[in-house]
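Please read the report below alongside the sequence and the three-dimensional view. It moves from the cysteines to two of the helices, then to the aromatic rings, and ends with the general outline of the chain.

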Amino acid sequence: MNTGNIVEKFELLSGIEGSESIKWRSVVDDACAYVYSRIADKPLSASDERRIEFLCAVYAYKLYVMCGKSEVSSFKAGDVTVTAPADEGDKAEKLWQDQLAKCSDLIKKDGFLFGRVVT
């Protein structure tokens, strides 16, 4: 696992700068620990490692959004208006589900998995 790659991907997803991402490093570490605890017992190729690293970054992003990212949908200062999606939580959840499906061959299928029961 290359933690630097995961942090870089997390920064791209969240839109935060490198200096601000230091505050979120423990969330990234927790996301990595969780994802890696669910990996099936098999050797991972370099390609598999990259997929897992991105899955870790996506899960960290999901946690970041859930942990209090402001839900401001627009902001106006003078002549400048900034508009963002109204619910970034939905975007984070969809991205998480998409990436989880793409990594399903690498994840254990038993027990409790990512907030849902797998049968």
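**Cysteines**

The structure, which is a predicted model, holds zero disulfides. Why is there no bond at cysteine 32? The closest cysteine sulfur to that of cysteine 32 belongs to cysteine 56, and the two sulfur atoms are 4.0 Å apart, which is too far for a bond, because a disulfide requires the sulfur atoms to lie within 2.5 Å of one another. Cysteine 32 itself counts as buried, with a relative accessibility of 4%.

**Two helices and their buried faces**

Cysteine 32 is also one of the buried residues of helix H3, together with Val27, Val28, Ala31 and Val35. When H3 is viewed down its axis, these buried residues fall within an arc of 140 degrees, and therefore they line one face of the helix. The length of H3 can be checked as well: the helix covers residues 25-37, and its 13 residues should span 18 Å at 1.5 Å a residue, which agrees with the 18 Å that separate its end C-alpha atoms.

Helix H5 can be examined in a similar manner. H5 runs over residues 88-102, has 15 residues, and reaches 21 Å from its first C-alpha to its last, close to the 21 Å expected at 1.5 Å a residue. Which residues of H5 are buried? They are Glu88, Ala92, Trp96, Gln99 and Leu100, and because they fall within an arc of 105 degrees when seen down the axis of H5, they line one face of the helix. On the other side of H5, the residues Asp90, Lys94, Ala101 and Lys102 are exposed.

**Aromatic rings**

How many aromatic pairs does a search of the whole structure find? The search finds four aromatic pairs, and two of them are described here. Phenylalanine 10 and tyrosine 64 form an edge-to-face pair, with 5.6 Å from centre to centre and 90 degrees between the planes. Since phenylalanine 10 lies in helix H1 (residues 3-14) and tyrosine 64 in helix H4 (residues 46-66), the pair ties together parts that are 54 residues apart in sequence.

Tyrosine 59 and tryptophan 96 form a tilted pair, in which the centres are 4.7 Å apart and the planes are 40 degrees from one another. This pair likewise links distant parts of the chain, for tyrosine 59 is in helix H4 and tryptophan 96 is in helix H5, 37 residues apart. The table below sets out how accessible the four residues of these two pairs are.

| Residue | Relative accessible area | State |
|---|---|---|
| Phenylalanine 10 | 0% | buried |
| Tyrosine 64 | 6% | buried |
| Tyrosine 59 | 15% | buried |
| Tryptophan 96 | 0% | buried |

Tyrosine 59 thus counts as buried at 15%, because the limit for that state is under 20% relative accessible area. In addition to the pairs, Phe10, Trp24 and Tyr64 form one aromatic cluster.

**Two further residues**

Asparagine 2 has its place in the segment before H1, and with a relative accessible area of 36% asparagine 2 is partly exposed. Its side chain reaches the backbone nitrogen of glycine 4 at 3.0 Å. Although asparagine 2 and glutamate 53 are 51 residues apart in sequence, their C-alpha atoms are 7.3 Å apart in space.

Leucine 106, by contrast, is buried, with a relative accessible area of 0%, and is found in the loop between H5 and strand E3 (112-113). The C-alpha atoms of leucine 106 and arginine 38 are separated by 8.5 Å, while the two residues are 68 residues apart along the chain.

**The chain as a whole**

Taken together, the secondary structure of the chain comes to five helices and four strands, and from the N terminus on the elements run α-α-α-α-β-β-α-β-β. The chain has 119 residues, of which 34% count as buried.

How confident the prediction is should be kept in mind while reading the details above. The chain averages a pLDDT of 82, and 76% of the residues score at least 70. Where in the chain is confidence lowest, and where is it highest? The lowest confidence is in strand E4 (residues 116-117), at a mean of 44, whereas the highest is in H4, at 94.

Key
Residues are numbered from 1 along each chain as its sequence is written. This is a predicted model: local features need pLDDT of at least 70, side-chain atom pairs count only at pLDDT 80 or more; totals for chains, interfaces and linings use all residues. Side-chain values use heavy atoms; hydrogens and water are left out. Buried means under 20% relative accessible area, exposed over 50%, partly exposed in between (1.4 Å probe, protein chains only). Helices (H or I, at least four residues) and strands (E, at least two) are DSSP runs, numbered from the N terminus. The expected span of a helix is 1.5 Å times one less than its number of residues. The arc is that of the directions from the helix axis to the C-beta atoms. Rings of Phe, Tyr and Trp (its six-membered ring) pair if their centres lie within 6.5 Å; planes under 30 degrees apart count as stacked, over 60 as edge-to-face and the rest as tilted. pLDDT is the predictor's confidence in each residue, from 0 to 100. A polar contact is a pair of N or O atoms within 3.5 Å; within protein, one must be able to donate a hydrogen and the other to accept it, and residues adjacent in sequence count only if both atoms are side-chain atoms.
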